[in-house]
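User: Please take a close look at helix packing in the model below. Describe the contacts there, then what lies around them.

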Amino acid sequence: MATSGVYGGEAEIQALSKIRSFDSLSVVSSKTLIHNYVFQEVFVGSAFEASSKNGHLPDIFAPVPMEDKVSSGGPAGRYCQQASASWAAGDVSEQEQRLLSRLYAGLIGGQRASLAECITLVESQHKRKRQLAQALLQRVLAHLKRQEEQNRGEPLAFRVGLSGPPGAGKSTFIETVGKMLTAKKHKVSVLAVDPSSCNSGGSLLGDKTRMTELSRDLNAYIRPSPTSGTLGGVTRTTNEAILLCEAAGYDVVLVETVGVGQSEFAVADMVDMFVLLIPPAGGDELQGIKRGIIEMADVVVITKADGDLLPPARRIQAEYTSAMKFLRGKSKTWKPQVTRISSRTGEGIPELWAKMEEFHKARLVSGELLDQRCRQQKVWMWNLIQENLLTHFREHPAVCRLIPATEMKVTDGALSPGLAADLLMKAFSAKQ
């Protein structure tokens, strides 16, 4: 196959420009190990078809060893560079280029309005806007990588996930901690996720109204977002919003999630530290063991430990401390701790933040933090692949034709759900 330049020939460029699932690349870190078979099997269905006329795969999709990291020299690295270059050169109009340049300049300049626009862009469900969002994120990732290199390879921000049942005092806790941090010259961003209605699809987005003082602080940014049906208490774009906040100069990112219990594991795949907030009288130690969410917690915080609730808060703290002994630790450098605080009086808040800083430093020195972030990037890449594949499945012409009749047969009892799914998958995988 004829090639031109460092990235390959026209066939390769045409193939890359037709890839539909480019938005999955937004979470690919430069430190993540990528095997090129991933691109062959998942990303490049249309690219394979475009280049198979001459009986060959593009050179950049040739199998490579697992040791080949995404770097500027490897085939996978050339793939990412070529895809990014394709967006910047051929697929983005002049007007869209000006828009992306304006958003990017405002974002890295720390403008809150630009950060809000960027998050709105990545949250959009419009196909073209999602493509533009990924073009913007590629530039943001490159900027963050340069900033991390200047910071001796250390992460720019401390990402903290916060969860707990309704009424645990998450919003009050965030405002108290946020004001304390901004007073210490930190820049704090809060990504608050509200559940969307299954009936109307709407969301109250009321967290910002509970943080009246913090929302007026110029060193804080609060962004409420709907789940839009996403399980796990986070949105599909929360991970990308975290990157945008870091690019805007926020060094502490707090992700407040919907307290949904067992499906809360999703937030642990995007933050450095997971904090579980529990109100007094929230259940005994056996209830704590049964909840799988507690296994993901790095710190368990008993809230509202003041006034008449102080005695039950002390009892719950002792019970959860006992329960934590039966759980397997997930880190070699940190043992999960249980503490109690009062957001109303501020008691225990400085001590809790000191524990959080101790956790962050210990994980950073041991190298566990960087390893965890690399694993998280791969997890979110595959999560987005699954979501994109489901969307592609639902939009497939053959599947669309069969869905109404298949659903009717399932509801009538003529077909089992398993057999119906197999038939639809067969239609999806059949050659056109």
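Analyst:
**Helix packing and its surroundings**

H5 and H7 pass each other in a right-handed crossing (the near helix is turned clockwise from the far one by less than a right angle; anticlockwise would be left-handed). This is a predicted model, in which local features need pLDDT of at least 70 and side-chain atom pairs count only at pLDDT 80 or more, while totals for chains, interfaces and linings use all residues. Residues are numbered from 1 along each chain as its sequence is written, and side-chain values use heavy atoms, with hydrogens and water left out.

H5 covers residues 94–108 and H7 covers residues 127–150; their axes are 11 Å apart and meet at an angle of about 40 degrees. Axes are lines fitted to C-alpha atoms, for helices over the stretch in contact, and angles run from 0 to 180 degrees between N-to-C directions. H5 and H7 are therefore oblique to each other; angles under 35 degrees count as roughly parallel, over 145 as roughly antiparallel, 65 to 115 as roughly perpendicular, and the rest as oblique. From H5, the contact (heavy atoms within 4.5 Å) takes in Glu96, Leu100, Ser101, Tyr104, Leu107 and Ile108, and from H7 it takes in Arg128, Leu132, Ala135, Leu136, Arg139, Val140, His143 and Arg146. Sorted by type, the residues where H5 meets H7 are eight nonpolar, two polar and four charged. Here Ala, Val, Leu, Ile, Met, Phe, Trp, Tyr, Cys and Pro count as nonpolar, Asp, Glu, Lys and Arg as charged, and the others, Gly among them, as polar.

Ile108 belongs to helix H5. Its relative accessibility is 35%, so Ile108 counts as partly exposed; buried means under 20% relative accessible area, exposed over 50%, and partly exposed in between (1.4 Å probe, protein chains only). Leaving out residues up to four places away in sequence, Ile108 touches His143 and Ala247. His143 is one of the H7 residues in the contact with H5, while Ala247 is one of the buried residues of H11. Ile108 is also 7.2 Å from Gly249, C-alpha to C-alpha, although 141 residues separate the two in sequence. Gly249 follows H11 and has a positive phi, near 100 degrees.

H11 packs against another helix as well. Helix H6 (residues 112–123) and helix H11 (residues 238–247) have axes 10 Å apart, at an angle of about 160 degrees. H6 and H11 are therefore roughly antiparallel to each other. Their crossing is right-handed. Leu115, Cys118, Ile119 and Val122 come from H6, and they meet Glu240, Ala241, Leu244 and Cys245 from H11. By type, the residues in this contact of H6 with H11 are seven nonpolar, no polar and one charged.

How far is H11 enclosed by the rest of the structure? H11 is largely enclosed, because ten of its ten residues are buried. The buried residues of H11 include Thr238, Asn239, Ile242, Leu243 and Glu246. Cys245 has a relative accessible area of 0% and is buried. Another buried cysteine is Cys374, at 18% relative accessibility. Zero disulfides are found in the whole structure, a disulfide being a pair of cysteine sulfur atoms within 2.5 Å.

Beyond H7, the loop that leads to strand S1 (158–163) holds Arg152. Most residues other than glycine have a negative phi, and most peptide bonds are trans. Arg152 is not a glycine, yet its phi is positive, about 60 degrees. With a relative accessible area of 69%, Arg152 is exposed. Lys304 is also a residue other than glycine, and its phi is positive, near 60 degrees. Lys304 sits in the loop between strand S6 (299–302) and helix H14 (310–324). Lys304 is partly exposed, with a relative accessible area of 33%.

Arg363 is a buried arginine, with a relative accessible area of 9%. Helix H15 (residues 349–366) contains Arg363. Not counting residues up to four places away in sequence, Arg363 touches Ser331, Thr333, Glu368, Leu369 and Gln372.

As for the chain as a whole, it has 18 helices and seven strands; helices (H or I, at least four residues) and strands (E, at least two) are DSSP runs, numbered from the N terminus. The chain has 432 residues, of which 48% count as buried. Among the contacts in the chain with a separation of 6 or more, 76% are between residues 24 or more positions apart.
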